[in-house]
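Biologist: Thanks for sitting down with me over this one. Could you show me the model, and then we can trade questions about it?

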Amino acid sequence: MTRDDIVNATYAAASKLNKFKLQHRLIDHEGYLDIDSKIQRSMEYIKKIDQLLSLSPELHSVELVKIKKEIEELNRHSICGKNELKWEVQKNYANIFSLAIVGLELLYKDYAIKVKKQIHPGSRHEIKLHV
Amino acid sequence: MMYDFVFLHAPSVYDFRKNSLLAGPISDVVPSSPVFEMYPIGITSIADYLERYGLRVKIINLANRMLMDQNFDVEKKLRKIKTKAFGIVLHWLPHAHGSIEIARIIKKLHPETPVIFGGLSATYFHKELIEYPFIDFVMRGDSTEKLMLLLLNKLETRETDYEEIPNLTWKKDNKPGFNPLTYVPDNLDDLDVPGYRYTIKSVFKYKNFLDPLPYNGWLQYPNTALLTARGCTQSCLICGGSKEAYLQNCGRKSLALRSPAKLAEDIQFIQRFSRAPIFILHDIRQGGPEYVIEFFSLLKDMKLKNEIVFELFQYADEEFFRQLHDAVPKYSIEITLETHDEKLRKLNGKFHCTNDKVIDTLNFVLKHDCNKIDLFFMVGIPGQTYQSALDNIDFCETIHLNCNKDSRLFYFVAPLAPFLDPASTAFEYPEKYGYKRFCYSLEDHRAAIAQPSWKHMLSYEQMR
């Protein structure tokens with residue numbers, strides 16, 4: 001596969017996968033349409049950028065700036081849904097109270113290191129490598 | 001505040017906010033955006049180790065700060081930092097552009113402060129990196145915690161006998177020195193990999209929770225990961241972390257495993273502050289059957305509250321999942337299958353078994369109450385044709401029908417992009433595996449990643 005083939009095969013496979021997921025109700029219709037639209041637009045912009053690159057560097061830079069906003073929308077979750085990769089996360093994923101206690105414990109240990117360093121400032125130079 | 005060392009994590013392209021880049025799907029199946037704002041977890045390990053000796057170390061994820069705030073002023077931020085040395089991460093090659101540009105800015109703002117590069121890609125391209133006038137050192141290898149302390153000690157005492165530090169690439173009077181890569185430890189138990197203790201502590205100690213955030217959206221989806229080993233037992237052709245790549249790039253002849261006890265201790269620690277999933281990186285079976293039994297036994301004795309995510313590199317029998325579920329109440333599985341083609345899988349190294357065995361593995365997982373199974377297919381692997389890439393989706397359907405259309409199965413397809421991994425077998429012997437490489441040097445990759453579409457970023461194509 002050439003660079004073009006790799007790009008085309010990626011979008012063709014992603015499109016086929018998107019249809020398969022809809023058919024087996026692994027995604028909803030809205031999710032299907034979102035990815036389908038992103039795939040179609042991505043392929044169009046790949047061609048458009050190819051055309052722009054045939055212009056002079058000064059001109060293609062100017063033209064690229066004009067499409068910046070549109071292509072940025074295609075830079076995330078362009079071939080798979082936003083939440084498909086996520087493992088489940090509980091709503092209260094972090095307990096601020098316990099996080100604060102952990103933080104204080106670690107600060108206490110850090111303070112002990114600081115005291116140790118003042119008593120024995122050369123300890124960092126005593127490191128030995130064991131291979 | 002004066003720091004002893006400040007780590008900077010650059011965006012893939014600097015400044016991505018000003019450039020128009022159609023990065024497309026290159027980061028669709030990783031937690032990062034195309035800016036690749038997630039930093040390699042190894043830097044927290046280095047930071048943790050250095051702070052044990054009383055050094056003040058800070059991690060600044062510039063890429064994420066830039067992503068989170070369009071007006072974040074990088075130069076203003078960097079100008080204010082007072083540190084004895086800067087560390088810049090070039091672990092994944094897509095950072096080839098951003099890391100170099102950040103180093104250039106640092107040297108402009110702090111001409112007297114040493115700039116040290118590290119990471120697997122920096123190790124591979126160390127000779128090229130040291131040629132840049134704004135880079136002073138490259139610390140090579142996969143385990144540089146202790147070496148970094150040795151180097152920072154030298155800088156502290158202004159000693160310049162750098163030839164004493166293994167794995168170091170350095171320069172003196174503009175002449176480079178390349179020390180042999182001899183420090184390759186086979187035990188990681190005296191390290192925290194990653195250093196979550198450091199990360200939590202740094203938020204309180206330096207009163208800044210934005211700088212060390214791992215990626216955009218972490219506060220909403222704060223998953224964590226634990227590294228089981230450095231090195232690998234597998235020989236996957238396209239992987240820069242394969243057995244061959246580690247040997248070639250880091251001189252690593254064998255796996256350096258973290259002990260099951262150490263892993264369990266880290267899981268206990270994470271459980272204290274997070275209920276998010278914990279991803280165990282690498283297939284734990286790399287450690288052998290006794291390692292797996294010990295690890296499962298420790299997990300079983302623990303009151304596990306978090307979901308644990310495991311990676312599988314090869315076929316697993318039902319007994320494995322029975323034991324796994326017995327030890328872990330809630331778990332998910334990640335499998336990078338790459339292709340439906342059994343011959344290509346054999347060639348590439350992952351899941352080199354029959355498709356029937358793949359389906360068997362999945363049915364075993366499903367039977368033993370797995371929460372979610374992610375299956376990844378890839379476009380661009382050695383020997384693959386356009387049609388073969390499309391046929392992967394037919395195999396998804398075969399799997400689905402043979403697994404009772406189970407909705408816990410999630411299917412993904414992604415391109416091998418943007419680059420072939422340096423030091424991977426495919427990178428080293430492209431013609432042998434049907435590749436034509438467009439990029440050879442670091443500078444080639446630096447130019448490629450700044451191209452306006454991911455098609456032009458690709459560092460390779462297949463030979464006809």
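Biologist: Happy to start with an aromatic side chain in this predicted model. Is Phe321(B) buried or exposed?

Modeller: The cut-off for buried is under 20% relative accessible area. Phe321(B) comes out at 0% relative accessibility, so this residue counts as buried.

Biologist: And how are the rings of Phe320(B) and Phe321(B) arranged?

Modeller: Phe320(B) is at 8% relative accessibility, so this residue too counts as buried. The ring centres of Phe320(B) and Phe321(B) lie 5.2 Å apart, with the planes at 80°. Planes over 60 degrees apart make the class clear, so the pair is edge-to-face.

Biologist: Which residues form one aromatic cluster with Phe320(B) and Phe321(B)?

Modeller: The structure holds 19 aromatic pairs over all chains. The cluster that takes in Phe320(B) and Phe321(B) is completed by Phe295(B), Phe296(B) and Phe310(B).

Biologist: Let me try another pair. What kind of pair do the rings of Tyr49(B) and Tyr53(B) make?

Modeller: Tyr49(B) is buried at a relative accessible area of 3%, while Tyr53(B) is partly exposed at 21%. Their ring centres are 5.4 Å apart and the planes meet at 55°. That angle is neither under 30 nor over 60 degrees, so the pair is tilted.

Biologist: Rings can also have a charge over them. Which residue lies over the face of Phe412(B)?

Modeller: Two cases are worth a look here. In chain B, Lys357(B) lies over the face of Tyr315(B), at 4.3 Å from the ring centre. For Phe412(B), the residue comes from chain A, at 5.4 Å from the ring centre: Lys21(A).

Biologist: Now the cysteines. How many disulfides does the structure hold?

Modeller: A disulfide needs two cysteine sulfur atoms within 2.5 Å. The sulfur of Cys80(A) has its closest cysteine sulfur in Cys396(B), at 13 Å, which is too far for a bond. Cys353(B) is in no disulfide either, with the nearest cysteine sulfur, that of Cys236(B), 13 Å away. Over all chains, the number of disulfides is zero.

Biologist: Is Cys80(A) buried or exposed?

Modeller: Cys353(B), with a relative accessible area of 15%, is buried. Cys80(A) is at 3% relative accessibility, so this cysteine also counts as buried.

Biologist: On to the strands. Which handedness does the β-α-β unit of E16(B), H15 and E17(B) have?

Modeller: Strand E16 (residues 372–379) of chain B is joined to E17(B) by seven bridges, and the two run parallel. One of the partners is easy to find, with Met378(B) bridging to Ala414(B) in E17(B). E17 (residues 409–415) is mostly covered, with six of its seven residues buried. Together with helix H15 (residues 386–402), the two strands make a unit that is right-handed.

Biologist: Which helix does the chain cross through from E13(B) to E14(B)?

Modeller: Strand E13 (residues 278–281) of chain B pairs with E10 (residues 224–227) in the parallel sense over four bridges, and Leu227(B) stands opposite Leu281(B). E13(B) is also joined to E14 (residues 308–312) by three bridges, again parallel, with Ile278(B) opposite Ile308(B). The β-α-β crossover from E13(B) to E14(B) is right-handed, and its helix is H11 (residues 289–301).

Biologist: What about backbone oddities? What value does phi of Phe351(B) take?

Modeller: Phe351(B) is found in the loop between helix H13 (342–348) and helix H14 (355–367) of chain B, and is buried with a relative accessible area of 1%. For comparison, Arg158(B) has a positive phi of about 60° without being a glycine, lies in the loop between H7 and E8 of chain B, and is exposed at 74%. Phe351(B) is likewise not a glycine, yet its phi is positive, near 45°.

Biologist: Last one from me. Which residue does a cis peptide bond join to Ala417(B)?

Modeller: A cis peptide bond also runs from Tyr14(B) to Asp15(B), with omega near 0°; Asp15(B) lies in the loop between strand E2 (5–9) and helix H1 (42–52). The partner of Ala417(B) sits in the loop between E17 and helix H16 (425–428) of chain B. Omega is about 0° there, and the residue is Pro418(B).

Note on methods
Residues numbered from 1 in each chain as written. Chains lettered and ligands numbered in written order. Predicted model: local features only at pLDDT ≥ 70, side-chain atom pairs only at ≥ 80, totals over all residues. Heavy atoms only, no water. Buried < 20%, exposed > 50% of the residue type's maximum accessible area, 1.4 Å probe, protein only. Pairing = 2+ DSSP bridges. Right-handed = clockwise from strand over helix to strand, strands pointing away. Phe/Tyr/Trp six-rings, centres within 6.5 Å; stacked < 30°, edge-to-face > 60°. Lys NZ or Arg CZ within 6 Å of the ring centre and 35° of its normal.
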